[in-house]
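Dear colleague,

Please find the structure below. My notes on it follow.

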Amino acid sequence: MSGSAAVQLAFRVPPPAVDACHAELVAKGVSIVREPTDLPKQRHRTLFFRDPEGNVIEIYAEY
């Protein structure tokens, strides 16, 4: 499928780090796929962005 991720990596961080990572990525001009979002059913807060090769990177925290 065109535009789909070749690779998706996920990194677990402490809960406050999701928003801190988002702020740092935005300040550096990184392409954000989905801003920090709470997923109550999974008890996760997630952030998705693309690396320079177009791979999807997920930063998430469990709560």
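The model is a predicted one. I began with Thr46, which sits in strand E3, residues 44-50. Thr46 counts as buried because its relative accessibility is 1%, against a cut-off of under 20%. The Thr46 side chain has a polar contact with the side chain of Arg34, at 3.0 Å. Leaving aside residues up to four places away in sequence, Thr46 touches Val18, Arg34, Glu35, Pro36, Thr37, Leu39, Glu58, Ile59 and Tyr60.

Two of those neighbours, Val18 and Ile59, lead to the core. The largest nonpolar core has nine residues: Val13, Ala17, Val18, Leu25, Leu47, Phe49, Ile57, Ile59 and Ala61. At least two residues of this core come from each of helix H1 (15-27), E3 and strand E4 (56-62). With residues up to four places away in sequence again left out, Val18 touches core members Val13, Leu47, Ile59 and Ala61. Val18 also touches Pro36, Arg45, Thr46 and Tyr60. Pro36 and Tyr60 are therefore touched by Thr46 and by Val18, on the contact cut-off of heavy atoms within 4.5 Å.

On the surface, Val7, Leu9 and Phe11 make a nonpolar patch of about 250 Å². Val7 belongs to the segment before strand E1 (8-12). Is Val7 buried or exposed? Neither: its relative accessible area is 38%, so Val7 is partly exposed, the range between under 20% for buried and over 50% for exposed.

Regards

Conventions: Residues numbered from 1 in each chain as written. Predicted model: local features only at pLDDT ≥ 70, side-chain atom pairs only at ≥ 80, totals over all residues. Heavy atoms only, no water. Helix = DSSP H or I, 4+ residues; strand = E, 2+ residues; numbered from the N terminus. Buried < 20%, exposed > 50% of the residue type's maximum accessible area, 1.4 Å probe, protein only. Polar contact = N/O pair within 3.5 Å; in protein donor to acceptor, adjacent residues only side chain to side chain. Core = buried A, V, L, I, M, F, W, Y, C linked by side-chain atoms within 4.5 Å. Patch = residues over 30% accessible without salt bridge, like charges linked within 9 Å, V, L, I, M, F, W, Y side chains within 5 Å. Areas by Shrake-Rupley, 256 points an atom, 1.4 Å probe, with all protein chains shown as cover. Salt bridge = Lys/Arg side-chain N within 4 Å of Asp/Glu carboxyl O.
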